[in-house]
Amino acid sequence: MSSITLPAKAHEYPQVRSLNMLRDLSTVADLIELCFSPTMDQDGQRYLSDMRRASRDDKFLSWANHMAESTSLPLTGYVWEEHNKIIGNASLIPFRDKGQRIYLIANVATHPDHRRRGIGRILTQRAIEHARNKKATAIWLHVRDDNPGAVKLYEDLGFQEIVRRTNWQADPDSSFPKSASDIQIVPRHPRFWSQQQDWLRRLYPEALSWYQPLNLTALKPGLMNWLYMLFMDFNIKQWAAVRGDDLLATLTWMPYGGRTESMYGATSTEADPEALTQLLIHVRRALSNRSTLSLDYPAGEMTDAILAAGFKPRRTLIWMKT
């Protein structure tokens, strides 16, 4: 881990205290919504609803009070309180990766009336101190690329950018126009698996697998895997873009119940961008009865190809680590 100077000790700031999940969750949810509502997406709204629902569930809170350090929920963290009012927050979400403890610092928020006092910095420092005391092997956070002030803050605290990823979204549309092309869209054939797997490993790096794991085994061709997916009622769909006998790109659609559908595109950096465009258009037309389609992709890569398929960038996150 990088060396970090942590001048902010809890006893020096009596306004800082640990999150009390038995009484703080709803108030913290209100603060997060106030601070981030202009850029909050459906996942963010669902996240706040979960927090508020949890705050009303006595049995859950009783269980969570004993599980805050072992479950990947926003149940640990620190708040800044003045005159019995919470005006700042930094959540700590624990994860496990290969037996190692990882913390994600999230929801660093300061009430608009109390900004430029260093509250966010102090709370982040306290969260880092907590993670180090728990012998975390890594501390992560993510920040929008259009928030340079926050990026500078985290850099000053010792965080380094690891990856930068854009989330793209589009609504299914059976009438979206197709363009003439010599690229064909076909079901993903087993013979494509080796190349697809290499592309996926590049585009969805292992560095973030603790947070957003991509189960490559579920995509692997074969009778046993197909039977397992059938038994689990997990209906993955996969397509390939080909020109003649040449594989140009693949696209995987994975359902998550009532949540936003997720897709995983795979291609090389030298591939014809039109291949990814044609795949995305095909999926928009083929899945017209589904909910919003979502594609996570390295920022700055295949941007024009994704735009050409009618997808819009929702946000670009910089993932930082110390």
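Student: Which residue in β9 does A241 stand opposite?
Tutor: In this predicted model, A241 stands opposite A249 of β9, and the two strands, β8 and β9 (residues 246-254), pair in the antiparallel sense over 7 bridges.

Student: What do β8 and β9 form, and how many residues are between them?
Tutor: They form a hairpin with 2 residues between the strands, and in that turn G244 has a positive phi of about 65°.

Student: And which residue is the bridge partner of A241 in β7?
Tutor: That partner is I185, which belongs to strand β7 (residues 184-187), a strand that runs antiparallel to β8 and is joined to it by 4 bridges.

Student: Is β8 largely enclosed or largely open?
Tutor: Strand β8 spans residues 237-243, and 5 of its 7 residues are buried, so the strand is largely enclosed by the rest of the structure.

Student: Switching to charges, how many salt bridges are there?
Tutor: The count comes to 18 salt bridges, and among them is the pair R121 and D156, whose side chains meet at 3.7 Å, N to O.

Student: Where do R121 and D156 lie?
Tutor: R121 lies in helix α4 (residues 119-133) and D156 in helix α5 (residues 148-156), so this salt bridge ties together parts that are 35 residues apart in sequence. R121 is partly exposed, with a relative accessible area of 32%, and D156 is partly exposed as well, at 43%.

Student: What about D296 and R165, buried or exposed?
Tutor: D296 is buried, with a relative accessible area of 13%, and R165 also counts as buried, at 6% relative accessibility. Their side chains meet in a salt bridge of 2.5 Å, N to O, and the pair links distant parts of the chain, because D296 sits in strand β11 (residues 293-298) and R165 in strand β6 (residues 160-170), 131 residues apart.

Student: Which residue does R202 form a salt bridge with?
Tutor: R202 forms one with E301, and the closest N and O atoms are 2.9 Å apart. R202 lies in helix α6 (residues 193-203), while E301 lies in the loop between β11 and α10 (303-308), so the contact ties together parts that are 99 residues apart in sequence.

Student: And how accessible are R202 and E301?
Tutor: R202 is partly exposed, with a relative accessible area of 35%, whereas E301 counts as buried at 18% relative accessibility, since the cut-off for buried is under 20%.

Student: Which residues are linked in a network of salt bridges?
Tutor: R17, R23, D24 and E81 are linked in such a network.

Key:
Residues numbered from 1 in each chain as written. Predicted model: local features only at pLDDT ≥ 70, side-chain atom pairs only at ≥ 80, totals over all residues. Heavy atoms only, no water. Buried < 20%, exposed > 50% of the residue type's maximum accessible area, 1.4 Å probe, protein only. Pairing = 2+ DSSP bridges. Salt bridge = Lys/Arg side-chain N within 4 Å of Asp/Glu carboxyl O.
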